[in-house]
Amino acid sequence: MAETAILEQCKLHPEGIHDVDHAAKITNITVTDRAVAINRLLSQRKLQIFKDGDALVYKEVKQDEAVKFKGLSSEDLLVYQIIQQSGNTGIWTKELKQKSNLPQTQIGKSFKSLEARKRIKAVKHVAQQHRKEYMLYAREASRRITGGTRYTKEE
């Protein structure tokens with residue numbers, strides 16, 4: 001019952017609903033039941049949680065999106081979400097390690113898994129040749145990373 005109420009509120013706000021607003025709209029559920037339901041929805045990958053400033057935001061995961069991530073570990077999903085938030089500027093390994101608190105070996109495994117599924121891609125940074133920026137596969141890299149017109153085939 002709590003899970004249904006949470007998902008109903010998320011459906012009303014497809015861009016996401018802030019935690020405070022969410023809690024205010026669902027008054028018939030205890031805090032404990034709400035937390036258990038949210039954790040269950042997160043583990044079933046029916047709900048996505050992210051930060052907007054200092055606030056937590058809940059967003060329903062669409063069924064076609066859930067299929068794309070079937071079989072990925074929670075660490076892979078965390079890496080994907082951090083890369084997704086970076087936009088077209090990308091994020092490099094050191095910054096991702098700081099944001100995720102995952103060990104370097106786990107981040108490397110996540111990169112391989114996500115790249116094999118064509119969810120992310122690595123782009124060489126024009127100013128810092130030794131550095132790769134990771135971004136979503138479908139995104140076009142920003143001019144700051146690629147150097148603009150001289151960019152071809154991620155080189």
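In this predicted model, three strands form an open sheet in the order β1-β3-β2, and their pairing is antiparallel. The strands β1 (17–18) and β2 (47–52) stand at the edges of this sheet, each with a single partner strand, so one side of each is left without a neighbour in the sheet. Between β2 and β3 (residues 55–60), the antiparallel pairing runs over six bridges, and within this pair D52 stands opposite A55 of β3. Across β1, β2 and β3 lies helix α1 (residues 2–12), which runs at about 90° to β3.

A second pairing joins β4 and β5, again in the antiparallel sense, over five bridges. Here I120 has L136 in β5 as its bridge partner. Four of the five residues of β4 are buried, so this strand is largely enclosed by the rest of the structure.

The two pairings for which bridges are counted can be set side by side.

| Strand pair | Sense | Bridges | Residues facing each other |
|---|---|---|---|
| β2 and β3 | antiparallel | six bridges | D52 and A55 |
| β4 and β5 | antiparallel | five bridges | I120 and L136 |

**The chain as a whole**

The chain contains eight helices and five strands, and when it is read along the sequence these follow the pattern α-β-α-α-β-β-α-α-α-α-β-β-α. Its C-alpha trace spans about 60 × 30 × 30 Å along the principal axes. Of the 155 residues in the chain, 37% are buried. Among the contacts with a separation of 6 or more, 52% are made by residues 24 or more positions apart.

**The nonpolar cores**

In soluble globular proteins, nonpolar side chains tend to be buried together. The largest nonpolar core in this model has 17 residues, and the members that touch the most others are V79, I83, L96, F111 and I120. At least two residues of this core come from each of α5 (74–85), α7 (104–116), β4 (120–124) and β5 (132–136), while the largest share, five residues, is supplied by α5. A second core, separate from this one, has 13 residues, among them A2, L41, L47 and Y58.

V79 shows how one member of the largest core meets parts of the chain beyond its own surroundings: with neighbours within four places in sequence left aside, V79 is in contact with L96, L102, S110, F111 and L114.

**Where α5 meets α6**

The helices α5 and α6 pack at an angle of about 115°, and their axes are 10 Å apart; the crossing in which α5 passes α6 is right-handed. On the α5 side the residues that meet the partner helix are L78, V79, I82 and I83, and on the α6 side they are L96, K99 and S100.

S100 deserves a closer look, since S100 belongs to helix α6 (residues 93–100) and also takes part in the meeting with α5. Is S100 buried or exposed? Its relative accessibility is 9%, and because buried means under 20%, S100 counts as buried. A polar atom of its side chain lies 2.9 Å from the backbone oxygen of L96, a residue that is itself among those touching the most other members of the largest core. Apart from neighbours within four places in sequence, S100 is in contact with L78, I82 and I107, and two of these residues, L78 and I82, are in α5.

Definitions and conventions:
Residues are numbered from 1 along each chain as its sequence is written. This is a predicted model: local features need pLDDT of at least 70, side-chain atom pairs count only at pLDDT 80 or more; totals for chains, interfaces and linings use all residues. Side-chain values use heavy atoms; hydrogens and water are left out. Buried means under 20% relative accessible area, exposed over 50%, partly exposed in between (1.4 Å probe, protein chains only). A polar contact is a pair of N or O atoms within 3.5 Å; within protein, one must be able to donate a hydrogen and the other to accept it, and residues adjacent in sequence count only if both atoms are side-chain atoms. Contact means heavy atoms within 4.5 Å. A nonpolar core is a set of buried Ala, Val, Leu, Ile, Met, Phe, Trp, Tyr and Cys residues joined through side-chain atoms within 4.5 Å. Two strands pair if DSSP finds at least two bridges between them. Axes are lines fitted to C-alpha atoms, for helices over the stretch in contact, and angles run from 0 to 180 degrees between N-to-C directions. A crossing is left-handed if the near helix is turned anticlockwise from the far one by less than a right angle, and right-handed if clockwise.
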